[in-house]
Amino acid sequence: KSATSSGRSGGGSAAFQNVRAVNFDGTDDYMKCDNNFATLFRSSFSVSFWIKFNDTSGLQILLSSSNATARDRIQFWHDGANLNVFYEANDVSSGLLGSGSQTWTNWNHIVATFEQSGSSCASVFYVNGSSVASNSVTLDMSAYATTGTAPDFLVWAARALSTSIGFYSNVKLDEMAFFSSALSASDVSTIYNSGAPDSLSAFSPAHWWRMGDINGGSGTTIADQGSGSVDGELINGPTYITDIPS
């Protein structure tokens with residue numbers, strides 16, 4: 001994709017400003033990345049994003065990549081009470097239950113880390129800088145998307161099951177990022193920054209979507225400000241907003 005309509009700042013070299021987020025209507029809006037990130041998910045990695053629900057009813061999927069047989073998946077979802085995360089490599093799963101005590105209609109910062117440790121995958125789930133769940137499962141992360149049919153692509157604010165899209169989220173999203181390592185508790189606390197997003201450049205994100213701050217709140221392309229250069233495409237009319245975490 002051309003970066004001319006969205007801009008690419010080289011990972012936030014200019015003074016950091018967060019003035020926009022994107023609102024998804026829960027009906028058919030989502031952001032698609034034409035990439036399944038299989039290489040990233042085959043070894044230790046982390047996911048970070050800010051989220052504010054417009055409505056918490058029903059099943060809403062916030063981040064998803066899956067193949068047709070659901071043997072290789074990553075998924076974040078809200079079940080009406082809890083925010084959950086699930087990672088699966090070659091039909092071996094590592095599931096975490098997030099915190100249900102949050103006011104999800106406020107802005108919250110979410111991080112999940114996955115780290116290969118010997119023959120196990122150790123996972124930690126953080127909400128607003130604090131660990132709320134963790135586990136360790138015998139799981140070979142290097143098997144992700146190496147057998148059967150690889151996941152086709154990854155989407156935000158909906159479920160991707162092979163090429164099928166559904167379970168849209170009625171949410172606002174901001175500052176979404178992938179890191180090619182497991183962030184430490186100290187890293188997560190620094191990124192949370194007492195509830196005010198700051199530049200992620202010091203953490204060398206593999207992918208980082210600013211959600212309107214780079215493109216001036218116009219167009220449908222969200223340029224990747226990480227090192228991986230995988231742009232996101234807003235589908236079916238998500239809107240830019242000035243309601244941001246602060």
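Trainee: Which residue in β17 stands opposite I222?

Mentor: The structure in front of you is a predicted model, and the place to look is where β16 and strand β17, made of residues 232-235, pair in the antiparallel sense over two bridges. Strands of a sheet pair through backbone hydrogen bonds, either parallel or antiparallel. If you follow the pairing across to β17, the residue standing opposite I222 is G232.

Trainee: Which are the edge strands of the open sheet?

Mentor: The open sheet has eight strands with antiparallel pairing, and their order is β7-β6-β5-β4-β11-β2-β17-β16. An edge strand here is one that pairs on one side only, and this holds for residues 92-97 and for residues 221-222, which are β7 and β16.

Trainee: How many residues lie between β5 and β6 in their hairpin?

Mentor: Strand β5, residues 73-78, runs antiparallel to β6 and is joined to that strand by six bridges, with Q75 standing opposite F86 in β6. In the turn of the hairpin, G80 has a positive phi of about 100 degrees. The number of residues between the two strands is four.

Trainee: Which residue takes a positive phi in the hairpin of β6 and β7?

Mentor: β6 and β7 also pair in the antiparallel sense, over six bridges, and the bridge partner of E88 in β7 is S93. Most residues other than glycine have a negative phi, and most peptide bonds are trans. In this hairpin, which has two residues between the strands, the residue with a positive phi, near 50 degrees, is N90.

Trainee: How many of the residues in β6 are buried?

Mentor: In a regular strand the side chains alternate between the two faces of the sheet. On one side of β6 we find L83, V85, Y87 and A89, on the other N84, F86 and E88, and both groups are buried. Strand β6, residues 83-89, is therefore mostly covered by the cut-off for burial, which is under 20% relative accessible area, and the count of its buried residues is seven of seven.

Trainee: What is the bridge partner of V47 in β14?

Mentor: β3 is mostly covered, with nine of its nine residues buried; F45, V47, F49, I51 and F53 lie on one side and S46, S48, W50 and K52 on the other. Seven bridges join β3 to β8, which run antiparallel, and there F45 has F114 as its bridge partner. Seven bridges also join β3 to β14, again running antiparallel, and in β14 the partner of V47 is F178.

Trainee: Which residues have the most contacts inside the largest nonpolar core?

Mentor: This core has 48 residues, and its largest share, five residues, comes from β3. Apart from it lies another core, of 10 residues, among them Y126, A177, I191 and L200. If residues up to four places away in sequence are not counted, F76 touches a set of residues including V47, F49, L62, V85, I110 and F125. In the core of 48 residues, the two with the most contacts inside it are F76 and W156.

Trainee: Why do the buried residues of α1 line one face of the helix, and within what arc do they fall?

Mentor: In helix α1, residues 185-192, the residues V188, I191 and Y192 are buried. Seen down the helix axis, these buried residues of α1 point in a limited range of directions, so they line one face, and they fall within an arc of 100 degrees.

Trainee: What is the relative accessible area of E175?

Mentor: E175 is found in strand β14, and its phi is near 50 degrees, a positive value in a residue other than glycine. E175 is buried, because its relative accessible area lies under the cut-off of 20%. The value itself is 2%.

Trainee: Over which residues does pLDDT stay under 50?

Mentor: The protein chain averages a pLDDT of 93, and 94% of the residues score at least 70. One stretch calls for care in reading the model, for there pLDDT stays under 50, and the model has 31 contacts for it beyond four places in sequence. That stretch is residues 1-13.

How values were computed: Residues are numbered from 1 along each chain as its sequence is written. This is a predicted model: local features need pLDDT of at least 70, side-chain atom pairs count only at pLDDT 80 or more; totals for chains, interfaces and linings use all residues. Side-chain values use heavy atoms; hydrogens and water are left out. Two strands pair if DSSP finds at least two bridges between them. Buried means under 20% relative accessible area, exposed over 50%, partly exposed in between (1.4 Å probe, protein chains only). The arc is that of the directions from the helix axis to the C-beta atoms. A nonpolar core is a set of buried Ala, Val, Leu, Ile, Met, Phe, Trp, Tyr and Cys residues joined through side-chain atoms within 4.5 Å. Contact means heavy atoms within 4.5 Å. pLDDT is the predictor's confidence in each residue, from 0 to 100.
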